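User: I would like to go through this model with attention to how its parts meet. Please take the questions in turn and explain the terms as they come up.

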Amino acid sequence: MPGMPEVTTVDVASSTANLEAGVAKSFGTLYRGGEGMWTWVLQRVTGVAVFFFLFVHVLDTALVRVSPTAYNSVIASYKTPIVNLLEVGLVGAVLYHALNGLRVILVDFWSKGPRLQRQMTWVIAAVWVVVMVPGIFFMLKHTVETIFGSTS
Amino acid sequence: MTAAVVVPETPVLIAQDVTFRIARFLPDVDSEVHWEDFVVPMYPTDRVLDALSKIKGDLDGTLSFRRSCGHGICGSDAMRINGRNRLACKTLVKDLDSSKPITVEAIKGLPLEKDLIVDMEPFFAAYRQVLPFLIPDGHEPSRERLQSAEDRAIFDDGTKCILCACCTTSCPVYWTDGQYFGPAAIVAAHRFIFDSRDSGAEQRLEILNDREGVWRCRTTFNCTDACPRGIEITKAIQEVKRALIFRRV
């Protein structure tokens, strides 16, 4: 509205009030983004997950300075199938975060990156699967043998 | 003579009932946004805009939405159709799954005023901030400012922008951070930064070299997917980022 700045300001204020009064309260459908949006969401999720692992990891490792016995008992408590599964999740999260990080670096610094982002997404997905399949096999081998018995 | 007459077979288009689930909000009546379903007979070649016009004309005159040209040029009818930002006048019913209700919502991230109408002022404020006009230097030439086809090609993509806000309101960063310039403003800046006739590049780069400038972009490519003009928006934003890093325009 040219020439009517005061009116515009009032409109903005009142509509913002509506917005805050609950209009924007996560109503509506989820935005249906493409590969770019979901890789970004996953990057955040895995980033936070890895951060929490590092937080716990620094704490339990620091425990060795406090009391080696306590440290040993904490580490011993990790030797369960559930923690083994968490480790697989951790490797998966770190691997994804690293691969997608490389993809984002290419999107940022390589002039052809933005045009090839979709293809690069499928490349990192393929690399992730290729690394994770044998990774899961060897990481869970011990647990599976302990629970279900060894074949050899 | 009669034997030679071939009657061309006209393809038969059958109108089918399609449900449109529209996010309604009348500020004088409603306290919050809610869905309303409208069943409209539609031909597969009809546009979503036709459905909205039919609803407003025949079923519920209170339905409010913006439209001007109706042909994808003015950029008035950007809305979220089946969860994606689209122009209602460029979205055909046959390209949507009409076996399920088609959802139509206002674009996200701008203050909602009524039904499908949002306040575009924050969007245009960001646009104005990047100085979206030619800044020439030297004396005014006595003839046209000439430019080679190669120089034009560098920024040609960005000149297609119709300021519909599909891109800016598809950006997850813009939804949560109203201070971010948004893709459309950066495309507008890019269009002049890389114009050989323009000399305001440094000024615009400085404006965008900000916490809320190009560095806020997280390359989700939602803007590129949403653009009804097919502008490679993320690519343009990345070019501005690289121009800032390497200071080469």
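Analyst: A polar contact is a pair of N or O atoms within 3.5 Å; within protein, one of them must be able to donate a hydrogen and the other to accept it, and residues adjacent in sequence count only if both atoms are side-chain atoms. The model is predicted, so that local features need pLDDT of at least 70 and side-chain atom pairs count only at pLDDT 80 or more, while totals for chains, interfaces and linings use all residues. Residues are numbered from 1 along each chain as its sequence is written, chains are lettered from A and ligands numbered from 1 in the order in which they are written, and side-chain values use heavy atoms, with hydrogens and water left out.

User: How many residue pairs are in polar contact between domain 1 of chain B and domain 2 of chain B?

Analyst: The domain assignment, which is automatic or comes from a database, gives chain B a domain 1 (16-118) and a domain 2 (121-139 + 149-246). Across their interface the rule finds 0 salt bridges, a salt bridge being a side-chain nitrogen of Lys or Arg within 4 Å of a carboxyl oxygen of Asp or Glu. For residue pairs in polar contact, both at pLDDT 80 or more, the count between the two domains is 4.

User: Which three residues supply 41% of the area that domain 1 of chain B buries against domain 2 of chain B?

Analyst: Contact (heavy atoms within 4.5 Å) links 14 residues of domain 1 of chain B with 15 residues of domain 2 of chain B. Buried area is the accessible area (1.4 Å probe) that two parts lose on being put together, summed over both, and for these domains it is about 1200 Å², with 63% on carbon and sulfur atoms. The three residues that supply 41% of what domain 1 of chain B buries there, more than any other three, are B:N85, B:K108 and B:L110.

User: Why are A:K141 and A:E145 separated by about one helical turn?

Analyst: A:K141 and A:E145 form a salt bridge, with their closest N and O atoms 3.9 Å apart. A:K141 is partly exposed because its relative accessibility is 37%, a class that lies between buried (under 20% relative accessible area) and exposed (over 50%), with a 1.4 Å probe and protein chains only. The separation is about one helical turn because the two are 4 residues apart in helix 5 (residues 117-148) of chain A.

User: Are B:D198 and B:R204 buried or exposed?

Analyst: B:D198 forms a salt bridge with B:R204, and their closest N and O atoms are 2.8 Å apart. As for accessibility, both B:D198 and B:R204 are buried.

User: Which element gives the most to the side of chain B that touches chain A?

Analyst: In the meeting of the two chains, 38 residues of chain B are in contact with 32 residues of chain A, and about 2900 Å² is buried between them, 57% of it from carbon and sulfur atoms. The count between the chains is 3 salt bridges, and A:R118 forms a salt bridge with B:D225 at 3.2 Å between the closest N and O atoms. Helices (H or I, at least four residues) and strands (E, at least two) are DSSP runs numbered from the N terminus. With 6 residues, the element that gives the most to this side is helix 8 of chain B.
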